[in-house]
Amino acid sequence: MDKSKGIENGYPEEYREQYLAALTVASFKYEKLSNETALALNGLKTKIVRQVRAKRNKPKALKEPNPTGGSVNAQNLPGTPSLCLPLSSYFPPDIPPVARLNGLIGRCSKPFEKQLTESDVKVSQCRLSLNKFDVQNAVMPLLKKEEDSTDGIPVKTYDANGKEYPMTFITWSSKFHVLKEGWMKFCTDHSLLAHQDFVTLWAFRNLQTGDLSFVITSRRLEVFEAIKRKRLN
């Protein structure tokens, strides 16, 4: 493959080095990389893609009143602190971009992400464990006075396409927060894998029903071990 061909087809001379770097990253798609290398390459790829997109799409961005695809009625919780994300180069939108939910998202948490563990995808466990910090700052402020997570709260969870999965949000022993029951079907439907798959969650109140709900999306990285979480400032 002629590496200079892409530059001739629209890439300015100043992007030559970045283009070649991105091409090198793409060539690693089927290589098994170390955890450190995978993180470094993912950060580089994200940075380059954002720079190119920002330069090319700047005029169009002014014409789009709602680029996230979220509901005009949606509102993030005031004063919500930055939540934890394993990779600081990943910034999901504040409102879940699910077209089917337009007009249904009321009070909404900021997104938070979790790298799946072996226990999260194990059939015998059948639950998604959530970080205590994220639950305290994203989920608990949305609960009504009569709702007690230790008793279990029925919730509707949606994937990126708006498909609904009934689940139960529950707190065990006052410190373990999980989504259970429908989680395993969600896990199976999306062929989720431990370590490689990262799920992003939004908690929100459904404007139509008033129920506590979640949106869960996933992305896969060439990572094969646990990554230390980072708190974004």
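In this predicted model, Glu181 is partly exposed, with a relative accessible area of 48%. The residue sits in the loop that runs between strand S8 and helix H5 (183–189). Its backbone is worth a second look, since phi of Glu181 is near 70 degrees, a positive value in a residue other than glycine. Most residues other than glycine have a negative phi.

The side chain of Glu181 has a polar partner: a contact of 2.6 Å joins it to the side chain of Thr168. Thr168 lies in strand S7 and, at 12% relative accessibility, counts as buried. The polar contact thus links a buried residue, Thr168, with a partly exposed one, Glu181. Leaving aside neighbours within four places in sequence, Thr168 is in contact with Gly152, Ile153, Pro154 and Val155, and also with Val178, Leu179, Lys180 and Glu181.

The strands around this pair can be followed next. Strand S7 (residues 164–172) pairs with S8 in the antiparallel sense, over five bridges, and within this pairing Phe169 stands opposite Leu179 of S8. The two strands form a hairpin with three residues between them. Ser173, in the turn of that hairpin, has a positive phi of about 55 degrees. Strand S8 (residues 176–180) also pairs with strand S5 (residues 127–130), again in the antiparallel sense, here over four bridges. In that pairing, Leu130 has His177 of S8 as its bridge partner.

Phe169 and Leu179 return in the nonpolar interior. The largest nonpolar core has 26 residues, and those with the most contacts inside it are Val139, Phe169, Leu179, Trp183, Leu201 and Phe214. At least two residues of this core come from each of S5, helix H4 (132–139), strand S6 (153–158), S7, H5, strand S9 (197–206) and strand S10 (212–220). Helix H5 supplies the largest share, four residues. The surroundings of Phe214 illustrate how these elements meet: leaving aside neighbours within four places in sequence, Phe214 is in contact with Val139, Val155, Lys156, Thr157, Tyr158, Phe169, Leu179, Leu201, Trp202, Ala203 and Phe204. A second, separate core has ten residues, including Leu101, Ile105, Phe204 and Val215.

The cysteines complete the picture. A disulfide is a covalent bond between the sulfur atoms of two cysteines. With a cut-off of 2.5 Å between sulfur atoms, the count comes to zero disulfides. For Cys126 the reason is distance: the closest cysteine sulfur, in Cys187, is 9.3 Å from its own, too far for a bond. Cys126 is placed in the loop between strand S4 (112–115) and S5, and at 27% relative accessibility this residue counts as partly exposed. Like Glu181, which has a phi near 70 degrees, Cys126 has a positive phi, near 55 degrees, in a residue other than glycine. Cys108, by contrast, is buried, with a relative accessible area of 0%.

Notes
Residues are numbered from 1 along each chain as its sequence is written. This is a predicted model: local features need pLDDT of at least 70, side-chain atom pairs count only at pLDDT 80 or more; totals for chains, interfaces and linings use all residues. Side-chain values use heavy atoms; hydrogens and water are left out. Buried means under 20% relative accessible area, exposed over 50%, partly exposed in between (1.4 Å probe, protein chains only). Two strands pair if DSSP finds at least two bridges between them. A polar contact is a pair of N or O atoms within 3.5 Å; within protein, one must be able to donate a hydrogen and the other to accept it, and residues adjacent in sequence count only if both atoms are side-chain atoms. Contact means heavy atoms within 4.5 Å. A nonpolar core is a set of buried Ala, Val, Leu, Ile, Met, Phe, Trp, Tyr and Cys residues joined through side-chain atoms within 4.5 Å.
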